[in-house]
Amino acid sequence: MGDASASYGCAKYLEMTLLGIAMLLVVVYQQTEAQSDCSTKLVEGVSNDMMTASSYYDNHSKPYRARLSAVPVPGGVHGAWSAGKNNQYQWIQADFNVTKKIVGVVTKGRDAISDSGTIQWVKTFKVLYSDDGQAWETVKGESGDAMVFNGNTDQNTEVTNNLPQPISARFLRIKPLTWHAYMSMRFDVIGCECSGMLVEGVSNDMMTASSYYDNHSKPYRARLSAVKIPGGLHGAWSAKKNNQQQWIQSDFGVAKKIFGVVTKGRNGISDSGTKQWVKTFNVLYSNDGLVWETVKDADDNDLVFIGNTDQDTPVTNMLPQPLNARFLRIKPLTWHRYMSIRFDVIGC
Ligand SMILES: *[C@@H]1O[C@H](CO)[C@@H](O)[C@H](O)[C@H]1NC(C)=O
Ligand SMILES: *[C@@H]1O[C@H](CO)[C@@H](O)[C@H](O)[C@H]1NC(C)=O
Ligand SMILES: *[C@@H]1O[C@H](CO)[C@@H](O)[C@H](O)[C@H]1NC(C)=O
């Protein structure tokens, strides 16, 4: 040392490196936030023709005028969708084209240039949802009855209603029940992609298995994030025995929409002779934990999923069809050295 400029350069380099690490951490944090944050306005992202309604008043008040951002154009389009008639058979809906996780709805009344005769909003409404646009479910409250949402009390204030539980759906429909002056409204739907990691969100006791090797390899060690703790917990769940009667499962508490599974082998074994992973497996699902269905292939045979080829690389398998289930089970068929696996389930 003794060379001041070299020392300065070194300090500067260190400073830049620390700055770089800090910036990287901010980016990682923001990405994590973005994934857990389910607050996108979904209707903003759909095209006009994906907004439809039971009817509309005229060409100036078509369903696409229901965007929250709609404002009236003098002599032209209106600042809301308006139904063709005021009765309880009217509705407006958006098609998101793919399944979304939906947590709430936002509504507004009709924005108008002149207040005479155009002060209109929806006071109460129901919310319906569908996967195919044919079969519809109504959002229900704790009592099990269709929930009546309190909508607007003026033309331009956004009112947000959270759903009692998040739902997964491709279509969301609003069915006005009562209105002020005329059935006119704007709306959006709050949600996000249906691509969460469901096992991440469950508690350890909701992960169970046919058996486990020892206290260091219990079912909850099957989290994708599990890593070996030296002298302690193992970096996977391991079955007690290597046979085809073994399984590991997660309970999600309520039925979820499920699109796929991600698997990894056992973390933390350096001896190449004893590394462990599951090579092939079946996927089963259930709504009560008692009656199980196996995911089938196109020929109606139990689908054999191709799993891992090393310890730590996540392998994603999408299901041939999304399914609705509260429990998902992985049943290993073949394995490398020992039946050890980590997994998660993609859905919402
Ligand atoms: C509404 O639009 C349709 C299709 O663009 C058109 O045929 C019809 O004449 C319009 N109606 C009125 C009242 O302008
Ligand atoms: C709708 O989804 C399909 C795939 O399922 C895609 O091919 C198509 O481009 C999507 N359309 C729109 C309007 O996003
Ligand atoms: C495993 O854990 C149970 C319950 O905590 C305990 O009773 C048992 O002694 C443990 N087994 C071993 C081998 O440490």
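The nonpolar cores and two backbone exceptions of a predicted model are described here.

The largest nonpolar core comprises 33 residues, and those with the most contacts inside it are Ala66, Trp81, Val127, Tyr129, Leu172, Met185 and Val189. At least two residues of this core come from each of β2 (51-53), β4 (92-108), β5 (121-130), β8 and β9. The greatest contribution is that of β8, which gives 6 residues. Met185 belongs to the group with the most contacts inside the core. With neighbours within four places in sequence left aside, the contacts of Met185 are Ala66, Ala80, Trp81, Thr107, Lys108, Gly109, Trp121, Val122 and Pro176. Two of these partners, Ala66 and Trp81, are themselves listed with Met185 as having the most contacts inside the core. Another core, of 31 residues, lies apart from the largest one; Val199, Ala209, Ile258 and Trp335 are among its members. In soluble globular proteins, nonpolar side chains tend to be buried together.

Most residues other than glycine have a negative phi. Ala181 departs from this pattern, with a positive phi of about 70°. Ala181 is located in the loop that connects β8 (159-180) to β9 (184-193). Its surroundings are partly exposed, as 13 other C-beta atoms lie within 10 Å of Ala181.

A positive phi, near 70°, is also found at Asp300, again a residue other than glycine. The loop between β15 (293-294) and β16 (305-306) contains Asp300. Asp300 is classed as exposed because 7 other C-beta atoms lie within 10 Å, and a residue counts as exposed at 12 or fewer.

Definitions and conventions:
Residues numbered from 1 in each chain as written. Chains lettered and ligands numbered in written order. Predicted model: local features only at pLDDT ≥ 70, side-chain atom pairs only at ≥ 80, totals over all residues. Helix = DSSP H or I, 4+ residues; strand = E, 2+ residues; numbered from the N terminus. Buried ≥ 20, exposed ≤ 12 C-beta atoms within 10 Å, placed from the backbone. Core = buried A, V, L, I, M, F, W, Y, C linked by C-beta atoms within 7 Å. Contact = placed C-beta atoms within 7 Å.
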